[in-house]
Amino acid sequence: MQKVRTAIIGQGRSGRDIHVAALKLMPEMYEIVAIVDPIELRRRRAQEELRCDVYESHRALFKRKDLDLVINATPSHLHYPITLEVLKKGYNCLCEKPLAKKAREVDRLIAASQQSGRMLAIFQQSRFAPYFEKVREVIASGVLGRIVQISIAFNGFARRWDWQTLQEFNGGNLLNTGPHPLDQALALFGDGMPKILCRMDRANTYGDAEDYVKLLLWGEGHPVIDLEISSCCAYPSFTYNVQGTRGGMKGNTSGMEWKYYRPEEAPPQKLIREPIINPDGTPAYCREQLPWHTGSWAVSKENADLFATISGRFYTMLYKRLTTGQPLEITPEQVRRQIAVIEECHKQNPHIYVPKKRAAQA
């Protein structure tokens, strides 16, 4: 079986705890041959644990001709410039999320990929989450009728004080956590650019980027998407809540439940204008007993480790792309729409995203 010879730039939490950890579970597909990190301790550890070459700068990789894949797992503000360099030097590149901060940057990356003839992929692995696949399956079945609203909540209560709280490093909940639920939201929204309304706040963060996001997406012929990414929610109650004309669905990453009625089994009704009354002549409320059907899903034991499941599925998809030419399931063009939404959210929240000089004067 052909192995993909891989270099990973960055050995922080993402590079080491996500990408190295995932590829170590797939030794028949991937071989880590090089690690890049400016911190000497991380380089020594990588050399000891992986028995691979190590470099202080990613530019040292450009002397190598034996790399099938370069993974960019640097801090968020370096995703765009380093990925652009890698593509221009003629290497296939997988970039961590967020891919960029502005849509025009994504356009440049796509152009560089096309000009070099090399692959540009983005690590949006939550598209392969079992709970999300179940939501898509139930919606696609039609049992819930026309979908009116989909609420998505990636919430919790946490204070944070690291680099991910700083605008200068492309921090904040929308660019950090946001690419995962937003990728799912846009897949459920369907084609086209949605209308956008966003409100952000700084609640418990020690930095200058947001840690509360409320985002509404809507459009003619599409469901309303209500997305929350909050670090000040002490009582998170669901990950998904779907409202349809025949029923609904709710649940989280470990289980889902849904109920619906079948129109042919429902009591016949028609619009009436006169007051509704009970048999004894007293006022009555407009109510009926619908025959509900129910369904449920629980994550299987083999998929209980969400990280291993979604990373494994993503990297299997990527392996097929690199070895057989199978198309990417998550394309740069799809991610561009995500970044365009994020960019508009930033524009709508100048109280968060103000120029540094103005912020210093405030």
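These exercises walk through the helix packing and the core of one predicted model.

In this predicted model, local features need pLDDT of at least 70 and side-chain atom pairs count only at pLDDT 80 or more, while totals for chains, interfaces and linings use all residues. Residues are numbered from 1 along each chain as its sequence is written, and side-chain values use heavy atoms, with hydrogens and water left out.

**Exercise 1. Describe the protein chain as a whole.**

Step 1. Take the secondary structure. The chain has 10 helices and 14 strands. Helices (H or I, at least four residues) and strands (E, at least two) are DSSP runs, numbered from the N terminus.

Step 2. Take the extent. The C-alpha trace spans about 90 × 60 × 35 Å along its principal axes.

Step 3. Take burial. Of the 362 residues, 48% are buried. Buried means under 20% relative accessible area, exposed over 50%, and partly exposed in between (1.4 Å probe, protein chains only).

Step 4. Take the contacts, meaning heavy atoms within 4.5 Å. Among contacts with a separation of 6 or more, 71% join residues 24 or more positions apart.

**Exercise 2. Classify the packing of helix 3 against helix 4.**

Step 1. Locate them. Helix 3 covers residues 79-88 and helix 4 covers residues 103-116.

Step 2. Read the geometry. Their axes come within 9 Å and cross at roughly 15°. Axes are lines fitted to C-alpha atoms, for helices over the stretch in contact, and angles run from 0 to 180 degrees between N-to-C directions.

Step 3. Apply the cut-offs. Angles under 35 degrees count as roughly parallel, over 145 as roughly antiparallel, 65 to 115 as roughly perpendicular and the rest as oblique. Helix 3 and helix 4 are therefore roughly parallel.

Step 4. Give the hand. The crossing is left-handed. That label applies if the near helix is turned anticlockwise from the far one by less than a right angle; clockwise gives right-handed.

Step 5. Sort the contact by class. It has 5 nonpolar, 3 polar and 3 charged residues. Ala, Val, Leu, Ile, Met, Phe, Trp, Tyr, Cys and Pro count as nonpolar, Asp, Glu, Lys and Arg as charged, and the others, Gly among them, as polar.

**Exercise 3. Do the same for helix 1 and helix 8.**

Step 1. Helix 1 (residues 13-24) packs on helix 8 (residues 306-324) at about 70°, with the axes 10 Å apart.

Step 2. The two helices are therefore roughly perpendicular. Their crossing is right-handed.

Step 3. Name the partners. Asp17, Ile18, His19, Ala21, Ala22 and Leu23 of helix 1 meet Phe307, Ser311 and Tyr315 of helix 8. By class, this contact has 6 nonpolar, 2 polar and 1 charged residues.

**Exercise 4. Place Met26.**

Step 1. Met26 sits in the loop between helix 1 and strand 2 (30-36).

Step 2. Its relative accessible area is 7%, so Met26 is buried.

Step 3. Leave aside neighbours within four places in sequence. Met26 then contacts Gly312, Tyr315 and Thr316.

Step 4. Compare sequence with space. Met26 and Tyr315 are 289 residues apart in sequence, but 8.6 Å apart from C-alpha to C-alpha.

**Exercise 5. Find the hubs of the largest nonpolar core.**

Step 1. Define it. A nonpolar core is a set of buried Ala, Val, Leu, Ile, Met, Phe, Trp, Tyr and Cys residues joined through side-chain atoms within 4.5 Å.

Step 2. Pick the hubs. The largest core has 93 residues, and Tyr30, Leu215, Tyr315 and Leu318 touch the most other members.

Step 3. Follow one hub. Beyond four places in sequence, Leu215 touches residues including Leu182, Ile196, Val341 and Cys345.
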